[in-house]
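Hi,

Here is the structure I promised to pass on. Have a look at it first, and then read my notes underneath.

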Amino acid sequence: MTQTSKLFVLGIVGSPRRSGNTETLVDKILNGAEEAGAYIEKVILNKLEIKPCQACNSCYKTGNCAQDDDMPVLLKKMEKSEIWVLGTPIYWWGPTAQFKAFLDRWYHPKHKEFNKKRVILVIPLGGGHERYARHTVGMFEDIFNYLSINLLEKILAPGFDKRGEVRNNPELLKRAYDAGKNSVENIIK
Ligand SMILES: Cc1cc2nc3c(=O)[nH]c(=O)nc-3n(C[C@H](O)[C@H](O)[C@H](O)COP(=O)(O)O)c2cc1C
C-alpha cells in the first residue's frame with residue numbers, strides 16, 4: 001500500500017505541556033492506528049499560530065478567513081484525514097485556550113465538510129473524578145452532534161496532574177492504543 005492510499009489519522013494536541021498526559025495518550029492512540037496500517041501525523045496547537053475568531057464573517061462572505069495564520073494548513077490536514085484524535089486537558093472546567101481558539105475557527109463554511117469525520121477524544125484532568133470534565137465533554141458532544149461528526153471513543157483520564165503521569169497506568173495506555181488500532185481496523189475491514 002502506498003502512503004497516499006493509506007487511511008490518514010491526525011492527532012491534535014491542545015496541551016502546551018510537551019510529553020504531558022494529553023500528548024502521551026494521543027501518541028498511544030496514534031501508535032495503535034499506525035500498527036493497524038494508517039498513516040499518522042501529530043499537530044501541537046501550541047506550536048502553531050491560530051488567532052482567535054473575530055466574528056467578521058469574512059469566511060462566509062469570501063470563503064476565506066481574514067486571519068493570516070496556520071489554520072488553513074491545519075484545515076487541509078483535517079479535511080484529508082478520516083479520523084481525528086482530539087486531545088485537551090481540562091483547564092478551569094473547559095478546554096485549554098489553545099484548543100478553544102482552534103475550535104472557534106471551525107466557524108467556517110468548511111465545517112460542513114467535517115460531516116462524517118470520526119473522532120477519538122482525549123481529556124486528562126487533575127481532579128479525581130470524570131464529572132469535572134462534564135462541561136467539556138458536553139461541549140464536544142454538542143459540537144459533534146451539530147456537525148454530524150462521529151464520536152468513536154472518549155478517553156477521560158481523571159486524577160493525573162504531573163507531566164506524563166499517565167505513563168504509570170498501563171491499563172489506560174492500552175485502552176488508548178486499542179482505541180487507535182480498532183478505529184482503523186473497523187474502517188478497513
Ligand atoms: C491553568 C490550569 C487549569 C487547570 N484547571 C483544572 C480544572 O479545572 N480541573 C481539573 O481537574 N484539572 C485542572 N488542571 C490540571 C490539568 O488538567 C492536569 O494537570 C492535566 O493532566 C494536564 O494535562 P497535560 O499534562 O497534557 O498538560 C489545570 C491545570 C492548569 C495548568
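Below is what I found, starting with the sheet and ending with the ligand.

One thing to keep in mind as you look around: this is a predicted model.

**The sheet**

In what order do the strands of the open sheet run? There are five of them, arranged 2-1-3-4-5, and the pairing is parallel. As background, strands of a sheet pair through backbone hydrogen bonds, either parallel or antiparallel. At the edges sit strand 2 (39-44) and strand 5 (150-158), each of which pairs on one side only. Going from one strand to the next, the twist averages 15°.

For a closer look, try strand 4 and strand 5: they pair in the parallel sense over eight bridges. If you want a spot to zoom in on, valine 122 stands opposite isoleucine 155 in strand 5.

**Helices on the sheet**

Helix 5 (residues 134-147) packs on the sheet, where it touches strand 4 and strand 5. The direction of helix 5 makes about 170° with that of strand 4. Helix 6 packs on the sheet too, touching strand 1 (8-13), strand 3 (83-87), strand 4 and strand 5. Its direction makes about 170° with that of strand 5.

**Helix 1 against helix 6**

Two packed helices are described by the angle between their axes and the distance between the axes. For helix 1 and helix 6 (residues 170-188), the axes come within 7 Å and cross at roughly 40°. That angle is why helix 1 counts as oblique to helix 6. The crossing of the two is right-handed.

Which residues meet there? From helix 1 they include Leu25, Ile29 and Ala33, and from helix 6 they include Leu173, Tyr177 and Val184. By class, this contact has nine nonpolar, four polar and four charged residues.

**The ligand**

How many residues surround the ligand? There are 18, and the closest are Gly20, Thr22, Pro89, Gly126 and Gly127. Helix 1 (21-35) and strand 4 (118-125) are the elements that give two or more residues to this shell. Sorted by class, the shell has nine nonpolar, six polar and three charged residues.

So you will meet helix 1 twice on your tour: in the shell around the ligand, and in the crossing with helix 6.

Cheers

Methods:
Residues numbered from 1 in each chain as written. Predicted model: local features only at pLDDT ≥ 70, side-chain atom pairs only at ≥ 80, totals over all residues. Near = placed C-beta within 6 Å. Helix = DSSP H or I, 4+ residues; strand = E, 2+ residues; numbered from the N terminus. Nonpolar A, V, L, I, M, F, W, Y, C, P; charged D, E, K, R; others polar. Axes fitted to C-alpha atoms, helices over the stretch in contact; angles between N-to-C directions. Parallel < 35°, antiparallel > 145°, perpendicular 65-115°, else oblique. Left-handed = near helix turned anticlockwise from the far one by under 90°. Contact = placed C-beta atoms within 7 Å. Pairing = 2+ DSSP bridges.
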